[in-house]
Amino acid sequence: MAYIIENVPCIEYDRRRDITMLIQDNRIRSINSNFKRYTFPRMNVSPFLMSPVHVMADLELPDFLKFDHFKSYFTTEFIMKGCTTLVTSFSIDYHSQFEMNLRRLRTSLLSSPIDYVIVLRCKAKVITPELIRRLKRSKIPAVFIEFSSEEDLRNIAWGWVKEASYGYPLVFCPLISTEIDKRKRDRLVNSWQEILSDQGVPHIQSPISTKKPLPLQILKKIGIFPLKGNFMVGGEISYNLYESPASEIVAHCQSFLYDNHMLILTVNKGKVLMSNGRCFFQPGIGEELIIKNPGYLT
């Protein structure tokens, strides 16, 4: 089936543009200002604003003992917020737990209604070249490092770690306990930035916010963009539709996408996930997104 979405007022992060898209088999076949010569059915969304669907992180998913809890959590925390891709993690205290804990997380996500990217969460002392080689083999694109002192970071053999990641430059992300006071947190973030910059290791500058749309820079670092979070020829037709703001000035601000205006429709791979506050929960349609080239566009 082919159709045209025309006169699309589109917000992609901080960029505003008007586009028309030719859709075929739930993929974007062409993007142009218009397709006047085509006779395909047309969908005019000019009264609304469109954005790519969101990617969010939740590094500590609950233990879902019942399916109703699983359904409620994914509906409330992700789908109703326009999120169709989740970044989540498995954790280890010892290298021997790697395969078992990764397999356990993958099993728990078999019923996921949205796509997901799996990353690792561990303490700084666990980071070794051998662990990095395991991450490369398993195509795990990022590792979130828990640390509480500068010494934790300096004890990591960064030179060997960097060498071990050659060919698959996974990204390192800081994870600092919220129980640490702000002054110490700021010092730790500064130490993180200084040490990893000096070592030339791909990294995210500061701890990320969870359950909120991840910014473009982070999506690029991990390698999720351009696979998700954009409109491009050949890409899937996934989008959020919002009520149009009264002011055109507001339309240039990314924050309206999830703070100030009501989301009315979420489409994922051509299928409606949410419409006017009603969620169409489809267990098992989510897939693990395998990142072949972390940081490809950075």
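This passage describes the sheet and the nonpolar cores of a predicted model. Residues are numbered from 1 along each chain as its sequence is written, and side-chain values use heavy atoms, leaving out hydrogens and water. As the model is predicted, local features need pLDDT of at least 70 and side-chain atom pairs count only at pLDDT 80 or more, while totals for chains, interfaces and linings use all residues.

A good place to start is the sheet. Five strands (DSSP runs of E, at least two residues, numbered from the N terminus) form an open sheet in the order β6-β7-β8-β9-β10, with parallel pairing; two strands pair if DSSP finds at least two bridges between them. Because β6 (54-57) and β10 (171-175) stand at the edges with a single partner strand each, one side of each has no neighbour in the sheet. Strand β9 (residues 142-146) pairs with β10 in the parallel sense over five bridges, and A142 stands opposite V171 in β10.

Next come the nonpolar cores, sets of buried Ala, Val, Leu, Ile, Met, Phe, Trp, Tyr and Cys residues joined through side-chain atoms within 4.5 Å, where buried means under 20% relative accessible area (1.4 Å probe, protein chains only). The largest has 72 residues, and I145 and F172 have the most contacts inside it. Strand β8 (residues 115-123) gives the most to this core, with six residues. Apart from this core lies another, of 17 residues, including I5, F231, I264 and L265.

Not counting residues up to four places away in sequence, F172 touches (heavy atoms within 4.5 Å) I132, V143, I145, W158, V161, W192, L196, V201, P202, H203 and I204.

How values were computed
Buried means under 20% relative accessible area, exposed over 50%, partly exposed in between (1.4 Å probe, protein chains only). Helices (H or I, at least four residues) and strands (E, at least two) are DSSP runs, numbered from the N terminus.
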